[in-house]
Amino acid sequence: MLTTNPFDDDKLREECGVFGIHGHVDAAAHAALGLHALQHRGQEAAGIVAFDGARFNAHRDLGHVGDIFSSETVMSRLRGHAAIGHNRYSTTGDTVIRNVQPIFADLEFGGFALAHNGNLTNAAILRHELVRRGSIFQSTMDTEVIVHLIATSTATTIVDRLIDALRQVEGAYSLVALTDDAVIGVRDPLGVRPLVLGKLDDAYIVTSETCALDIIGAELVRDVEPGEMVVLDGGPPRSLRISPPMPDRRCIFEYIYFARPDSVMEGTSVYEARKRIGRELARESHVAADVVVPVPDSGVPSALGYAEECATPFEFGIIRNHYVGRTFIEPGQEIRDLGVKLKHNANRAKLKGKRVVLVDDSIVRGTTSHKIVQMVRAAGATEVHMRIAAPPTTDSCFYGVDTPERDQLLASKMQVSDMAEYIGVDSLVFISLDGLYRAMGEPGRNSLQPQFCDACFTGEYPTRLSDRESNSSSQLSLLAELKRA
């Protein structure tokens with residue numbers, strides 16, 4: 001059995017989605033529905049922990065949300081008026097049950113469950129010190145570091161212990177936590193990872209994206225602010241600051257690719273943002289063509305914007321198979337080389353004899369792009385021009401996105417002209433960094449104070465990368481183990 005990842009490696013992978021609800025008799029059922037809507041953020045494992053006033057009830061497993069929580073027996077055990085849930089996408093290596101969230105621990109003050117979207121950039125250093133002081137870890141997740149920091153804190157309340165713990169960590173995180181009297185949502189001081197607050201009747205919700213509110217009929221109250229903690233404990237949400245206000249550095253790739261297009265982030269429709277990116281891309285790089293074709297599905301909104309801006313017909317020249325599993329049986333290398341057709345097939349009637357503009361959201365290693373271009377040419381396209389709705393991805397992400405090492409990123413080792421030759425296109429253009437910012441409503445990128453986290457395009461990281469900067473070989477070894485979580 002082999003994973004399908006070798007045929008889809010031109011996409012970066014978001015690692016997690018989180019959902020928490022307090023004050024609803026069917027809390028776990030609503031959490032499961034919310035995780036359905038967030039399935040795109042993590043597809044290898046999921047879990048829910050609920051609290052019924054007397055005990056914590058949990059279920060975690062490997063697989064998709066619909067498979068894990070479709071059983072009436074499973075759902076009947078998840079009783080409670082409050083629940084948190086988590087979707088996981090691991091980085092490298094196998095996903096194992098011990099690394100499936102929400103993580104749970106019995107602490108001095110009672111039960112505590114935690115789910116995390118993001119990545120701590122000093123987790124290995126903190127873990128090394130906690131182990132030295134006697135902590136015993138049960139997983140390889142950076143999330144567990146937070147639990148041990150809470151357990152060893154000298155603060156008196158769980159809220160103060162959590163704040164104490166988070167003031168020691170670096171990196172990016174959106175957290176949902178469950179105690180015996182509250183659901184807590186927290187967003188990192190720079191707001192790198194998203195988190196929103198919603199309301200359903202008398203219940204309040206914290207979750208990664210607004211699409212998780214839509215599926216249960218909840219209303220969006222607002223985005224959780226960077227550096228804000230929201231406590232849901234039966235009354236109106238209580239807001240606390242875990243850090244002084246800082247310039248917003250939310251992840252710009254959420255708008256390009258990660259978030260669902262029907263979500264709204266910081267007041268901006270993701271779908272409309274992607275169309276604006278496509279329009280800006282057309283203004284920067286239009287070429288004479290007969291048809292604009294998206295690489296489905298993530299390239300569709302940008303391709304629509306591109307086609308509208310340059311008044312060129314839009315067509316689904318590539319059809320995606322939505323029913324490809326994560327694994328399949330393959331007899332040999334010859335079939336492996338044809339693997340891209342598991343997910344995509346050329347719509348020959350719309351490509352033959354045409355000058356084609358292919359619009360995609362990004363290029364990572366370039367291997368899948370090369371195969372798609374070959375497929376479009378084999379379908380009879382006379383010219384193939386590729387337009388990318390993101391600047392070249394030159395650097396790895398350390399904030400909760402599965403990114404190859406820098407030396408595996410095509411744009412880190414090739415000029416654009418060389419990339420075009422490697423992929424096999426007549427021309428290749430990426431949107432400029434300033435163009436991307438203009439599409440997001442900014443006049444351009446402020447190099448002194450960037451308005452987003454764009455480190456994957458610039459190598460300018462908004463926080464310290466302490467684990468990477470460490471010269472300790474044991475810590476670097478642990479960092480590699482944490483990445484395999």
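Helix 5 and helix 6 are oblique to each other, because their angle falls outside the ranges for roughly parallel (under 35 degrees), roughly antiparallel (over 145) and roughly perpendicular (65 to 115). The axes of helix 5 (residues 143-152) and helix 6 (residues 158-166) cross at roughly 125° and come within 8 Å. Axes are lines fitted to C-alpha atoms, for helices over the stretch in contact, and angles between N-to-C directions run from 0 to 180 degrees. The crossing of helix 5 past helix 6 is right-handed, meaning that the near helix is turned clockwise from the far one by less than a right angle; anticlockwise would be left-handed. Helix 5 contributes Ile146, Leu149, Ile150 and Ala151 to the contact (heavy atoms within 4.5 Å). Helix 6 contributes Ile158, Arg161, Leu162, Ala165 and Leu166. Eight of these residues are nonpolar, none is polar and one is charged. Here Ala, Val, Leu, Ile, Met, Phe, Trp, Tyr, Cys and Pro count as nonpolar, Asp, Glu, Lys and Arg as charged, and the others, Gly among them, as polar.

The model is predicted; local features need pLDDT of at least 70 and side-chain atom pairs pLDDT 80 or more, whereas totals for chains, interfaces and linings use all residues. Residues are numbered from 1 along each chain as its sequence is written, and side-chain values use heavy atoms, without hydrogens and water.

A second helix pair was examined. Helix 9 (residues 270-285) and helix 10 (residues 300-310) have axes that come within 6 Å and cross at roughly 45°. Helix 9 is therefore oblique to helix 10. This crossing is also right-handed. On helix 9, the contact involves Tyr271, Arg274, Lys275, Ile277, Gly278, Arg279, Leu281, Ala282, Arg283 and Ser285. On helix 10, Pro301, Ser302, Leu304, Gly305, Tyr306, Glu308 and Glu309 take part. The contact residues comprise seven nonpolar, four polar and six charged.

Threonine 268 belongs to strand 17 (residues 268-269). Its relative accessibility is 18%, so threonine 268 counts as buried (under 20% relative accessible area, 1.4 Å probe, protein chains only). Leaving aside residues up to four places away in sequence, threonine 268 touches Tyr255, Ser263, Ala273 and Arg276.

The protein chain holds 19 helices and 25 strands. These are DSSP runs numbered from the N terminus, with helices (H or I) of at least four residues and strands (E) of at least two. Of the 485 residues in the protein chain, 58% are buried. Among contacts with a separation of 6 or more, 69% join residues 24 or more positions apart. The accessible surface of the protein chain is about 19000 Å² (Shrake-Rupley method, 1.4 Å probe). Carbon and sulfur atoms account for 50% of that surface.

Methods: Buried < 20%, exposed > 50% of the residue type's maximum accessible area, 1.4 Å probe, protein only.
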